[in-house]
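Biologist: Thanks for sitting down with me! Could we walk through this structure together, one question at a time?

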Amino acid sequence: MLLAAALGAALLPVPVTAGTAPATTTVHIKDDAFVPKTLTVKPGATVTFVNDDDDAHTVTADDGSWDSEGLNQRQLWTRAFAKAGTVAYHCTVHPFMHGTIVVGSAAK
Ligand SMILES: [Cu+2]
């Protein structure tokens, strides 16, 4: 997919072969879990979700306000989180999969 490739190039300037992942804005979906389960970002940050599993998952807001719909293996999905607050999400395919994005202010 051209769009996915372009997004990947724009949002993942570092090789995906991690090891060193400072201030990650990427959530991996691996072994039926969101990793990290809780991610803290600054308001306006864009979070990339990557499905590392070989089965489909979704990234869906608990309040239903947004939904990635089905993500296949290696598929990326991105969303910007503009508003400060805590956003709970889950996978509709596996209701036991839960994750949280904490959108906080940059102030310490
Ligand atoms: Cu799932």
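**Core, sheet and annotated site**

Modeller: Happy to; keep in mind that this is a predicted model. The largest nonpolar core has 13 residues, and those touching the most other members are V27, V47 and F49.

Biologist: Which element gives the most residues to this core?

Modeller: Two or more residues come from each of β1, β4 and β7 (85–90). With three residues, the top contributor is β4.

Biologist: And which strands are at the edges of the open sheet?

Modeller: The sheet is mixed and has four strands, in the order β2-β1-β4-β6. Inside it, β1 (residues 26–29) runs parallel to β4 (residues 45–51), with four bridges between them. The strands that pair on one side only are β2 (34–35) and β6 (76–81).

Biologist: Nice. Why can one say that the residues annotated as "binding site" gather at one spot?

Modeller: The annotation comes from an unreviewed UniProt entry and covers H57, C91, H94 and M97. They span 41 residues in sequence, yet they gather at one spot because no two of their C-alpha atoms are further apart than 9.4 Å.

Biologist: Is C91 buried or exposed?

Modeller: C91 sits in the loop between β7 and β8 (98–103). A residue needs 20 or more other C-beta atoms within 10 Å to count as buried. C91 has 23, so the verdict is buried.

Biologist: Which annotated residues does C91 touch, leaving out residues up to four places away in sequence?

Modeller: On that basis, C91 touches H57, T58, T60 and M97. The annotation includes H57 and M97.

Notes. Residues are numbered from 1 along each chain as its sequence is written. This is a predicted model: local features need pLDDT of at least 70, side-chain atom pairs count only at pLDDT 80 or more; totals for chains, interfaces and linings use all residues. Two strands pair if DSSP finds at least two bridges between them. A nonpolar core is a set of buried Ala, Val, Leu, Ile, Met, Phe, Trp, Tyr and Cys residues joined through C-beta atoms within 7 Å. A residue is buried if 20 or more other C-beta atoms lie within 10 Å of its own, exposed if 12 or fewer, and partly exposed in between; C-beta atoms are placed from the backbone. UniProt positions are given in the numbering used here, feature names are shortened, and annotations may be inferred rather than shown by experiment. Two residues are in contact if their C-beta atoms, placed from the backbone, lie within 7 Å.
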